[in-house]
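Trainee: Could you take me through one part of this structure up close? I'd like to look at the salt bridges, please.

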Amino acid sequence: MDYKTNYEKWLNFEGLDSTLKNELKGMDEKTKEDAFYKNIEFGTAGMRGVLGAGTNRMNIYMVRKANVGYAKWILEQPNGKERGVVISYDNRHQSYIFANESAKILAGFGIKTYIMESLRPTPELSFAVRYLKCAGGIMITASHNPAEYNGYKVYDDTGCQLIPEWADQVTKYVNEVEDELAVKVPDEDEVYDLINWVGEEIDRAYYDAVKSCEINPGLDKSDFKIVYSPQHGADNWPVRTVLKELGYDIVPVLSQCAPDPDYYNTKSPNPEVASSYDEAIKLAKRVDADVIAITDPDGDRLGVVAKHNGEYVLMSGNQSAAVYLEYILSQLKEQGKLPTNAVMYNTIVTSDLGELVARSYGVDVEKTLTGFKFIGDKIRKYEKTGEKQFIFGYEESYGCVVKDFVRDKDAVQAVLLAAECGNYYKKQGKDLIDVLNELYAKHGTFKESQIALAKAGVEGAKRIAEIMDNLRKEAPKEIGGYKVTLAEDYANSTRSDGSVIDLPKSNVLKYYLEDGSWIAARPSGTEPKCKFYFSIKGKDAADAASKTEVFQKAMMAAIGE
């Protein structure tokens with residue numbers, strides 16, 4: 001069915017939501033095409049898109065359709081109907097509506113559901129699946145995306161986002177729904193007995209679990225101050241409650257604490273955007289804070305700014321994770337608690353620094369594809385076999401998990417870890433940047449950066465595919481004057497040296513350079529962007545920065561941008 005036919009079907013549907021119908025009437029031809037040329041898809045973090053009318057938009061009809069597919073998958077799980085599904089949501093526009101619709105659709109299939117009584121963060125949803133012993137979970141969120149987005153993430157019974165094999169099964173069932181407008185939604189009165197509201201009991205259990213992440217619980221906290229912003233999101237009370245109960249002096253950015261879906265008082269809800277820290281830095285200067293912590297709207301990512309030589313310095317996700325690792329492993333070793341079979345997980349687009357830190361303590365490192373579900377799946381594997389013991393997992397995009405009672409990124413755990421690290425090292429006469437510089441001196445200086453080419457709409461999707469196809473057909477032999485010593489194609493599971501990549505297939509290309517640097521390219525699974533990752537090794541910070549600029553220009557020239 002072409003986009004025009006789809007558009008007319010929606011426009012002429014008598015029961016269509018009036019707001020969506022008015023939106024349809026105001027669409028120009030280009031907008032119609034973008035809204036209806038395809039069905040919104042599952043990516044690395046579920047289904048995510050711009051709110052509005054259309055099959056390529058987030059709205060109650062596409063959410064209903066997704067829930068039909070997920071319900072059929074849940075019914076295939078052992079005692080899936082009785083164990084049920086827990087549902088949470090963040091502060092975004094229509095998040096509560098989508099959560100309520102999800103509960104009713106699932107209940108219509110006879111599946112027991114639990115809905116959080118108010119917004120809760122993604123990691124608490126992951127925790128709740130395990131706490132309630134459910135067959136799965138749903139999180140309504142668009143994570144760190146702009147205000148016009150929302151999304152839908154689904155989880156298995158371990159609190160992990162569905163791995164590709166299971167997501168493909170759900171997608172198959174979703175695609176069998178021929179008409180999203182015809183999905184039947186039961187009245188709440190019909191399914192009242194199957195829908196349960198939960199909150200406070202799970203909150204308390206989750207907070208106590210997070211508090212158990214302390215490595216040095218007796219550490220004096222009287223001379224350490226942390227400024228915190230939830231960026232109008234769901235982590236406000238979880239973070240403030242946990243840190244306050246542990247005795248930390250936490251100063252909130254009050255103008256960014258209200259759960260505002262328009263993110264009115266922040267320039268961006270994304271911790272990867274430097275301007276999102278502006279208000280927090282102003283407050284930190286006034287109160288002389290040691291560390292600034294910012295979480296994203298659904299509370300799974302943490303960005304950190306450290307006070308260093310009187311200035312507030314933003315750390316990348318790679319940098320902060322390397323420091324966390326150094327702290328965790330050094331302290332566990334000192335306490336005689338570092339397992340001999342410890343393993344750390346990160347992804348194929350994270351910096352090499354974290355791996356070097358881990359291996360310096362004898363900790364094994366395993367790489368996964370981008371997407372925390374792959375880390376969660378690794379944890380599940382070794383939980384069953386006992387072969388290795390999980391010690392830490394992280395992605396470069398400000399996501400990590402310290403203890404595996406959560407199987408997704410957990411910014412509440414991460415804030416506690418950042419606070420404890422900052423406090424511990426302050427008592428040693430150092431700050432987080434000092435520790436990072438010590439790691440550079442020991443393991444080499446790395447500078448990580450990213451270019452995200454935004455390519456919206458039908459033509460944008462074509463251009464992203466063209467970029468990846470051209471790179472795949474003609475892999476660069478050199479970049480920025482340095483030879484490419486090894487090329488990896490994760491879609492074909494091949495390396496240029498003839499070896500095989502033992503990971504699920506994914507549209508990722510990676511190039512290793514003779515100086516120890518690497519560059520990777522992949523389409524985003526959640527936004528209309530083609531992402532390029534740069535991990536550049538230099539003699540020192542200035543050299544790494546200079547080379548990064550050269551490599552970025554060379555890579556963009558190679559793809560014609």
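**A close look at the salt bridges**

Mentor: Sure, let's start with glutamate 366, which forms a salt bridge with lysine 378, their closest N and O atoms being 2.7 Å apart. This pair links distant parts of the chain: glutamate 366 sits in strand 14 (residues 364–368) and lysine 378 in helix 14 (residues 372–385), 12 residues apart. Both glutamate 366 and lysine 378 are buried. Keep in mind that this is a predicted model.

Now stay in helix 14, where the side chains of aspartate 377 and arginine 380 also meet in a salt bridge, 3.0 Å from N to O. These two are 3 residues apart in that helix, so about one helical turn separates aspartate 377 from arginine 380. Aspartate 377 is partly exposed, at 27% relative accessibility, whereas arginine 380 is buried, at 7%. Salt bridges with shared partners also join Glu355, Arg359, Asp364, Glu366, Lys367, Lys378 and Lys388 into one network, and there you meet our opening pair, Glu366 and Lys378, again.

For another pair, look at glutamate 180 and lysine 9, whose side chains meet in a salt bridge of 3.5 Å, N to O. Glutamate 180 lies in the loop between helix 8 (164–175) and strand 7 (195–198), and lysine 9 in helix 1 (residues 3–11), so this pair ties together parts that are 171 residues apart in sequence. Here glutamate 180 is buried, because its relative accessibility is 3%, while lysine 9 is partly exposed at 25%. And there's plenty left to explore: a search of the whole structure finds 49 salt bridges.

Terms used
Residues are numbered from 1 along each chain as its sequence is written. This is a predicted model: local features need pLDDT of at least 70, side-chain atom pairs count only at pLDDT 80 or more; totals for chains, interfaces and linings use all residues. Side-chain values use heavy atoms; hydrogens and water are left out. A salt bridge is a side-chain nitrogen of Lys or Arg within 4 Å of a carboxyl oxygen of Asp or Glu. Helices (H or I, at least four residues) and strands (E, at least two) are DSSP runs, numbered from the N terminus. Buried means under 20% relative accessible area, exposed over 50%, partly exposed in between (1.4 Å probe, protein chains only).
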